[in-house]
Amino acid sequence: MKDSALEIAKMLADARRTQNPLSQDLVSKIADEAHAYQIQASGVELMRQSGDRTVGLKMGFTSRAKMQQMGVQDMIFGQLAESMAVQDGGEVFLQNYIHPRVEPEIAFLMKDEIPDDVANVNITAYVEAVAPALEIIDSRFKNFKFDLPLVIADNTSAAGFVIGTWRKPTLDLSNLGMILKSGTSQSVGSSAAILGNPWRSLIALVRLSRKYGQKITPGAIVLAGSATPAIEIAPDVHHELQVSGLGRVSFFSSIS
Ligand code: OOG
Ligand code: MG
């Protein structure tokens with residue numbers, strides 16, 4: 001007998017609260033990806049019950065670099081909560097995380113609900129604005145090791161996000177330089193690494209979220225996925241992403 005989605009979601013919630021990462025043995029309790037998305041949804045329900053609310057969605061593994069870094073083959077989506085939001089230029093307190101990493105991303109702000117025949121729609125018409133973004137991921141599994149069902153159940157490692165200044169979605173997003181400086185580490189990439197064009201990530205999200213009964217509501221923030229491998233967050237340093245033509249976004253990681 002498989003454990004119920006809620007029971008597993010509670011184990012994951014405890015892991016987050018106590019910052020005690022779980023063993024990969026949990027995989028034996030997860031039937032398949034559909035069950036993993038149910039666990040994710042139960043986890044979000046637990047967050048709601050504790051007073052949090054969802055503010056958007058995120059895509060994961062939309063670049064080859066990320067798939068290779070984590071050893072997975074497919075795209076996934078997760079949910080962003082209000083409590084995960086960090087102000088641009090703000091401070092992130094590392095004692096609240098297990099083993100956080102930072103990723104260079106592009107964010108969309110949804111304007112209207114996207115119709116079903118997504119292949120035939122002009123996706124840009126459904127988006128209010130785009131912005132440079134940093135995502136903080138923090139796996140609830142030991143050594144940041146997981147397979148697809150585990151990472152889906154873990155809400156795709158979602159732990160924080162920082163959004164830069166929104167601008168109209170008229171800029172061509174297909175090949176923007178993306179430079180992430182994270183203390184002494186640096187990672188350089190292009191928005192083209194995100195499925196050839198970050199807009200394709202939004203289309204992929206429409207399909208994937210529908211498959212698992214998740215709505216993308218007007219006003220939602222959507223993260224398109226990291227363009228480069230994630231970087232471990234070192235203490236007491238500045239993390240800044242610069243996206244050519246789109247601007248900058250940053251935060252500072254404090255130990256205390
Ligand atoms: C899963 C989250 C992946 C991305 O941008 O590809 C992700 C992980 O790597 O822990 O957010
Ligand atoms: Mg990400």
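Along strand β12 (residues 237-243), which side chains point to one face and are buried, and which point to the other and are not? Before you select anything, note that this is a predicted model, where local features need pLDDT of at least 70, side-chain atom pairs count only at pLDDT 80 or more, and totals for chains, interfaces and linings use all residues. Residues are numbered from 1 along each chain as its sequence is written, chains are lettered from A and ligands numbered from 1 in the order in which they are written, and side-chain values use heavy atoms, without hydrogens and water.

**Whole protein.** Show the cartoon: there are five helices and 13 strands, which are DSSP runs numbered from the N terminus (helices H or I, at least four residues; strands E, at least two). Buried residues make up 52% of the 256, buried meaning under 20% relative accessible area with a 1.4 Å probe, protein chains only.

**Strand β12.** Now select residues 237-243 and show side chains. V237, H239, L241 and V243 share one face and are buried, while H238, E240 and Q242 point to the other and are not. In a regular strand, side chains alternate between the two faces of the sheet.

**Its neighbours.** Add β8 (residues 177-182), which pairs with β12 in the antiparallel sense over five bridges; two strands pair if DSSP finds at least two bridges between them. Look for I179 opposite Q242. Next, add β13 (residues 247-254), antiparallel to β12 over seven bridges. There, G247 is the bridge partner of V243.

**The turn.** Finish at the hairpin of β12 and β13, with three residues between the strands. Pick G245 in this turn: its phi is positive, about 85°.

How values were computed:
Buried means under 20% relative accessible area, exposed over 50%, partly exposed in between (1.4 Å probe, protein chains only).
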